[in-house]
Amino acid sequence: MGWSPGTCSLEDGVAEELIVGYAARSLDPEAELGFERHLKSCSRCQRLAAQQGAVWSALDAWRPPAVSPDFDRTLALRIAASRRISSRIYAFAKWIWRPALPVAAISAVLAGFFLLKDQHTARQVLETQPSAQIEQQVEHALDDMDILKQIGLDVSAQRSDSARKI
Amino acid sequence: MNPDGLQPQVAQPSWDRRVNSSKAADRFLDRDADLMLQVREGNQACFTLLLERHRNAVIHFLDRMVLNQAVAEELAQEVFLRVYRFRLNYQPTAKFTTWLFRIATHLGLNWIRDARHEKVQERLDQEIDGTTRQVRDRNRTIEQELVYRAKLREVRQAIETLPSKQRAAVVMHKYEELGYVEIANVLMCSESAVKSLLFRAYETLRMRLAHMA
């Protein structure tokens, strides 16, 4: 049933499109006349066009059944149920949002308060830390000076002894 | 170059008939988009109008896709429910029917994918059930009716053998009379991909149904 090249003067896609369009009666008059001329000389297209015509009329026989009379009513009920659910979700969101607002405001205030408090204590620590360090450093310096004084005395005593020997 | 005198430009089927009819359809396009915009503004009556205009097309499309009327109606309800739910976000950037059939196709393909693992027998039962649902034509004799039902069963079976995307393309092309471009927009693929889908599908159908001539 497939298309074999070389047996028809038309390109595969063009021929298929013409066959389908011819069976569907959707070709414009010029293309239809041209295709009918082609059919006279091409047995393959002739056969396929006849088969496509048979398919077309067979498909025509398939008429859809009548729609259920309660289709619209059922749909209306489903839409109403959907709207009810949506409105409930909206109401719930509204309900949950209303007390959430002051709670969020209080939380923000508390958070701000604690943040500021933390910053204040941190600043205090920073401020007190250098003075304590300076005090410690001064104490260390004084201790070092005392030690140096003691060592200096010993060194000067050693120098006077060696001078005498010379 | 072409012995039959069919130049490519001429040979290319121009879809003038569909294009011409689409001029009339453009009015519907504007009307549909306008109605949907009014639905967005809260006009419920416009939704009812849209439902009346497209209800049957959507149900019939889904019925031919899933081959089960009850499922088709259930899915069609879901389609219109989604249209209603998304009304606030609706932007008339594409044709309303393209959007509508895109939702329907998406739901139909998903259903086919999920139902693929079900028992074959169940599907056959549904199919038989589906064929028996057809309203009997009073003008046909019992014999003609039996022949018709056998033919219908064969058509349904042939359609059922098609891969789901091919099936969707054929149903939109044959029954909803959508052009290649519109089918491509619904299936979100290129026009050439749609042509390829359709031609392969029709080739399969020719193999299965050509003897019915």
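Here are some short exercises with worked solutions on this predicted model.

**Exercise 1. Work out how far to trust chain A, and where confidence is lowest and highest.**

Start with the whole chain: the mean pLDDT of chain A is 82, with 84% of its residues at 70 or more. Next, go element by element. Helix 4 (residues 71-165) of chain A comes out lowest, at a mean of 79, while helix 2 of chain A is highest, at 93. Then check the start of the chain: over residues 1-6 of chain A, pLDDT stays under 50. The model has six contacts beyond four places in sequence for that stretch. How should you treat a region like this? Where pLDDT is low, don't read the predicted coordinates in detail.

**Exercise 2. Describe the overall make-up of chain B.**

Count the elements, and you get 10 helices and zero strands in chain B. Reading along the sequence gives the pattern α-α-α-α-α-α-α-α-α-α. Now look at burial: of the 213 residues in chain B, 33% are buried. Finally, turn to the contacts between residues at least 6 apart in sequence; in chain B, 65% of these join residues at least 24 apart.

**Exercise 3. Take helix 4 of chain B and find out where its buried residues sit around the axis.**

First, check the length. Helix 4 of chain B covers residues 69-85, which is 17 residues, and its first and last C-alpha atoms are 24 Å apart. That is close to the 24 Å expected at 1.5 Å a residue. Second, list the buried positions: Gln69(B), Ala72(B), Glu73(B), Leu75(B), Ala76(B), Val79(B), Phe80(B) and Val83(B). Third, look down the axis of helix 4 of chain B: the buried residues fall within an arc of 165°, so they line one face of the helix. The spacing rule helps here: an α-helix has 3.6 residues a turn, so residues three or four places apart point the same way.

**Exercise 4. Two residues other than glycine have positive phi, Arg25(A) and Glu177(B); place each one and decide how exposed it is.**

Begin with Arg25(A), whose phi is near 60°. Arg25(A) lies in the loop between helix 1 (12-24) and helix 2 (29-41) of chain A. Count its C-beta neighbours inside 10 Å: there are 10, so Arg25(A) is exposed.

Now do Glu177(B), with a phi of about 55°. Glu177(B) is in the loop between helix 8 (164-174) and helix 9 (180-187) of chain B. Here 15 other C-beta atoms lie within 10 Å, so Glu177(B) is partly exposed.

Technical notes. Residues numbered from 1 in each chain as written. Chains lettered and ligands numbered in written order. Predicted model: local features only at pLDDT ≥ 70, side-chain atom pairs only at ≥ 80, totals over all residues. Helix = DSSP H or I, 4+ residues; strand = E, 2+ residues; numbered from the N terminus. Buried ≥ 20, exposed ≤ 12 C-beta atoms within 10 Å, placed from the backbone. Expected span 1.5 Å × (residues − 1). Arc of directions from axis to C-beta. pLDDT = per-residue confidence, 0-100. Contact = placed C-beta atoms within 7 Å.
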